[in-house]
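Colleague: Please take me through one part of this model in detail. I would like to see how its strands are arranged and what lies against them.

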Amino acid sequence: MDNPSVNSSADLPGRPRLTFDLDVDICVIGGGLAGLTMAREAARMGASVALLEGREIGWNASGHNLGTVMPGYGIAVSDLIDRVGFDNARELWSLAQEGADYVRATVTGNAMPGVTLTEGALEVSTVDAGDELISRLQTLGEDFGTEIEGWQIDRVRETLKTDRYFHAIHFPKAFQIDGRRYVHGLAALAEEAGVRIFEDTPVIGLDPAGIRKRVFTPSAKLRCTHVVLAGNAHLGAPGRRLTATLLPTWRYAVLTEPLGERLADAITFQGSVTDTHDIDHFRIVEGDRLLWSSPETTWQGDPQRYAKRIQNRISAFFPKLKQVGIAEAWSGMFGQTVHGMPQIGELQLGLWVLSGFGRQGLNTTAMGGQLLARSILHGDDRWRLFSPFELVWAGGSAGRAAGQVFNIWSRGYSNAASALSRYRERARGREQMRERAREARIAAARAQTARLK
């Protein structure tokens, strides 16, 4: 979630709505990161492409993310292996890495105004789990070819001056960008490739039957051979089957006031930091400010209300940053899938889905967009690797209630486990002090006995 005031939609040129009938090869519904990538790549391969966005480009989750680009997916690699087997999991992981490489190449190879890279990401543990760290390092590094390194507790706490964190995994090739500027830069590149983008053009109907599909908007209709549903939980009428599989989730974020030297006294790592339970996610921006994302709800809340909670978490984790000033607070909604993986594939002949990227990271939106463009135009059938992650009903209002209960439980469990680890660490420290004192007393007694002799 990037600061919305940095590059607001008011500063960007508007695009027209679709007011005339149109024939194209591919119609992409949804102007987020995945849809824009897919549209751009399909146009670069020679297809005629129209992209329809009901509001404006990047208005929701795609324009309100922290901009961290890492390998992998939103579920643990061990869970991925359990679900699809080792070989397929490794191929899926390779695709995710291709997505990260695509974002890097797109940013560095094109002049995107204001989009620069900040290298490195840390995944920190709030519990003392050294054995688990070693296992993950072996799987990700040796088996999946990911460039990573393990950080011991001392090194973590030299960089993040808090006793809340224990071990960490460092991803040196991960990076951060301004996600809002990137999505608009991607839209400009798509248009350069020949994509026709129409904003304020909601899709109110879809007839996917036959070779040529028909897409209906309030002012015009569009005919195409392929339709790509690249929307989120707000897709509406043309994708009710899809939206029913997504759990709407709002995540809240703040940008602090400039913190000056206080920040360097607490945090020196310049990349992004997230914990293993995905509760807190933060990074330094503009030299001495913190961009911090934390609470989640399955309903839309007031960001100002949750800003105080984030402020309190910053103080709890980093006492030297007690009661930091909050400059901005905002939220973004994303759709979570029940199985925790993206939904990519062909629903029926010529009707494709490219959705469910909540918690997945920018790399997967790039991967999905590339993969689907190659699938449609070059027959790449690796989208079938996602077949085990089919559309699963998210439970409607009951699912949202259950999701919120789970979020609360997960945060409570994480906090309790973290507190227990810190208690055990302090207990070990006290025991070690007592043992050293005992050894010192024994040594002193022996020295006294030797002198008496």
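**The six-stranded sheet and its surroundings**

Modeller: Start with the whole chain. Of the 453 residues in the protein chain, 54% are buried. Keep in mind that this is a predicted model. The chain's secondary structure comes to 11 helices and 19 strands. About 19600 Å² of the chain is exposed, and carbon and sulfur atoms supply 51% of that area. Now look at contacts with a separation of 6 or more. Residues 24 or more positions apart account for 76% of them.

Next comes the sheet. It is open and has six strands, in the order β8-β3-β2-β12-β19-β18. The pairing is mixed. Find the edges: they are β8, residues 196-198, and β18, residues 343-348. Each has a single partner strand, so one side of each is left without a neighbour in the sheet. From one strand to the next, the twist averages 20°.

What holds paired strands together? Strands of a sheet pair through backbone hydrogen bonds, in a parallel or an antiparallel way.

Take one pair from this sheet. Strand β2 covers residues 26-29, and strand β3 covers residues 49-52. They pair in the parallel sense, over four bridges. Within this pair, isoleucine 26 stands opposite valine 49 of β3.

A helix packs on the sheet as well. This is α1, residues 33-44. Helix α1 touches β2, β3, β8, β12 (226-229) and β19 (351-355). Its direction makes about 165° with that of β3.

Now zoom in on the edge strand β8. Arginine 196 sits in this strand. Is arginine 196 buried, partly exposed or exposed? Its relative accessibility is 38%, so arginine 196 counts as partly exposed; the partly exposed class lies between 20% and 50%. Setting aside residues up to four places away in sequence, arginine 196 touches Phe20, Leu22, Val49, Ala50 and Leu51. Compare its place in sequence with its place in space. Arginine 196 and arginine 15 are 181 residues apart in sequence, and their C-alpha atoms are 9.6 Å apart.

One of those contacts, Leu22, leads to another sheet. Leucine 22 stands opposite leucine 222 in β11. Four strands form this open sheet, in the order β1-β11-β10-β9, again with mixed pairing. Its edge strands are β1 (22-23) and β9 (205-207), and each pairs on one side only. Strand β1 and strand β11, residues 221-224, run parallel and are joined by two bridges.

How values were computed
Residues are numbered from 1 along each chain as its sequence is written. This is a predicted model: local features need pLDDT of at least 70, side-chain atom pairs count only at pLDDT 80 or more; totals for chains, interfaces and linings use all residues. Side-chain values use heavy atoms; hydrogens and water are left out. Two strands pair if DSSP finds at least two bridges between them. Axes are lines fitted to C-alpha atoms, for helices over the stretch in contact, and angles run from 0 to 180 degrees between N-to-C directions. Contact means heavy atoms within 4.5 Å. Buried means under 20% relative accessible area, exposed over 50%, partly exposed in between (1.4 Å probe, protein chains only). Accessible areas come from the Shrake-Rupley method with a 1.4 Å probe; for residues, only the protein chains shown count as cover.
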